Amino acid sequence: MTASRSTWTGIAFGLCLAYYAAYQQFKLPPALPLLLQTYGYDRALAGGFMSVYAAAGLLLSLPLARMLERIGVLAPILTALALMVIGTAVNLMAPENGWIVLAGRGLEGIGFAVLAIAGPVLANANATARQLPLVAGLSASWIPIGQLGATAAAPAAFAGPGWQALWWLGIAGAVMLALWTTALHSRHAIAFASPRTAGGPNSTPQRRGSLILAAGAFMIFSGQYYAYMTWLPQYLVEVHGLSPSLAVVGYTVPVVTLIATNLVFAMVLRAGVPLGPLLALGMASQAAVWWLIPVTGGGLGGVISLVVYGIGAGIVPTCLFAVPSLLAGSGRPPASAFGIIMTGRNLGVLVGPVLLALAFKSSGNWDVATPIFGTATTVGLGVCLWLAVALGGARYGTSR
């Protein structure tokens, strides 16, 4: 489907699917200190509660993308929402058993893999060419908006019914989205078909190579980002002595900064600034934050570090989510294009949180994160520069 004018209902629906998927994944980190205290999970297993989402996405993103192109997104969306409800209910029934929690999170992860592709595909398919940069920025905001929803709900949950309230909100969200999906379909309000691969951004070796480079950059970015955001609350509790509720406040600083940056740099892309240099700038700022952690500490320097990290973490995914649309030119990126970059993202998410947990477990010191992720983001900067060269100055209004 190529939109001659924006269908804002379709854009909003696609974005809400992605935002909900992110909420489901990120309802865990604010509650993790309480869960560790109450149930005593092994830290590597607890890291797996996040990474299992990525394992599902890594195995399923490309097959799911091809399936969405073949049958459309309606049935997969409803199935994904059902899996979210089942997986969340499993977690609520046996939270004391870490392996059962991992299995429940795995079911959620399968639903996440569907919504993570279907949401951006629908949002892009319902946008005009002029609105595509804005949609890229809003799509890149899916993770921080989901995070922010979870962190906003966490203090009231902790003060009242407990961490379980975050899980019940996840079930309620799935039910509401299922009702919205059914209503849109019954009224034929939006098209639930997915754009096909013919003539799409992965239809030539050069464009497919650019998508693979984007997937590599996404892998490195996501690995370090998920490690940072998964363990930041625990780090603030253990190293800086904050309560779980105050740790959540610190956790929101890079998230809010990230959301604002997504929108600002979406407008920068819309103004015609080349994507490649912006992407490299964002990754360079991520590397700088990691290398400077021993210097920034936990005072004012730490707050500045959180803000700078959030800025870079906003630039990078905005650019990466824009790559499929940029390469598609006047067409719409097919689901398979998002499947490629999401595969890279999921590989990073799979490795990052567990890698940091294992590094801490072996050393007993959070300082081990600096050389590991400082090196990774420096390599990521090299990949971004390579992609910038491959894109050759491409910007909205042009394609490669």
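**Entry 1: Ile 77 and the core**

I began with Ile 77 in this predicted model, and I looked up what it touches once neighbours within four places in sequence are left aside: the contacts are Phe 13, Leu 17, Val 114, Leu 115, Ala 118, Leu 122 and Thr 181. I then asked which residues have the most contacts inside the largest nonpolar core. Ile 77 is one of them, and I listed with it Leu 115, Trp 142, Leu 166, Tyr 225 and Leu 275, in a core that holds 130 residues. Helix 9, which runs over residues 205-240, gives the largest share of this core, namely 16 residues.

**Entry 2: Confidence**

Before going further I checked the pLDDT, and I noted a chain mean of 86, with 93% of the residues at 70 or more. I marked residues 1-6 for caution, since pLDDT stays under 50 there, and the model has 20 contacts beyond four places in sequence for that stretch.

**Entry 3: Arg 105**

I turned next to Arg 105, which I found in helix 5, residues 98-125. Is this arginine buried or exposed? Its relative accessibility is 1%, and because buried means under 20%, I entered Arg 105 as buried. I then looked up what surrounds Arg 105 and, not counting residues up to four places away in sequence, I wrote down Gln 24, Gln 25, Lys 27, Leu 28, Phe 49, Met 50, Val 52, Tyr 53 and Asn 91. With Gln 24 there is a particular approach to record, as the side chain of Arg 105 reaches the backbone oxygen of that residue at 3.0 Å.

**Entry 4: The salt bridges**

How many salt bridges does the structure hold? I found two. In one of them the side chains of Glu 108 and Lys 27 meet, at 3.0 Å from N to O. Glu 108 belongs to helix 5, whereas Lys 27 sits in the loop between helix 1 (8-26) and helix 2 (28-39), so this pair ties together parts that are 81 residues apart in sequence. I checked the burial of both partners, and Glu 108 and Lys 27 are each buried.

Arg 105 and Glu 108 also meet in a salt bridge through their side chains, at 3.4 Å from N to O. These two are three residues apart in helix 5, which means that about one helical turn separates them. As a reminder to myself, an α-helix has 3.6 residues a turn, so residues three or four places apart point the same way. I noted that Arg 105 and Glu 108 are both buried, and that salt bridges with shared partners join Lys 27, Arg 105 and Glu 108 into one network.

**Entry 5: Helix 11**

I compared the length of helix 11, residues 275-291, with expectation: at 1.5 Å a residue its 17 residues should span 24 Å, and the end C-alpha atoms lie 25 Å apart, which agrees. The helix is mostly covered, with 12 of its 17 residues buried, among them Leu 275, Gly 282, Gln 286 and Trp 290. I asked what covers those buried residues, and my list includes helix 9, helix 10 (244-270), helix 12 (293-296), helix 13 (300-328) and helix 15 (369-391).

**Entry 6: Gly 209**

Last, I looked at Gly 209, which has its place in helix 9 and is partly exposed, with a relative accessible area of 28%. I took the distance from Gly 209 to Gln 24, two residues 185 apart along the chain, and their C-alpha atoms are separated by 32 Å.

How values were computed
Residues are numbered from 1 along each chain as its sequence is written. This is a predicted model: local features need pLDDT of at least 70, side-chain atom pairs count only at pLDDT 80 or more; totals for chains, interfaces and linings use all residues. Side-chain values use heavy atoms; hydrogens and water are left out. A nonpolar core is a set of buried Ala, Val, Leu, Ile, Met, Phe, Trp, Tyr and Cys residues joined through side-chain atoms within 4.5 Å. Buried means under 20% relative accessible area, exposed over 50%, partly exposed in between (1.4 Å probe, protein chains only). Helices (H or I, at least four residues) and strands (E, at least two) are DSSP runs, numbered from the N terminus. Contact means heavy atoms within 4.5 Å. pLDDT is the predictor's confidence in each residue, from 0 to 100. A polar contact is a pair of N or O atoms within 3.5 Å; within protein, one must be able to donate a hydrogen and the other to accept it, and residues adjacent in sequence count only if both atoms are side-chain atoms. The expected span of a helix is 1.5 Å times one less than its number of residues. A salt bridge is a side-chain nitrogen of Lys or Arg within 4 Å of a carboxyl oxygen of Asp or Glu.
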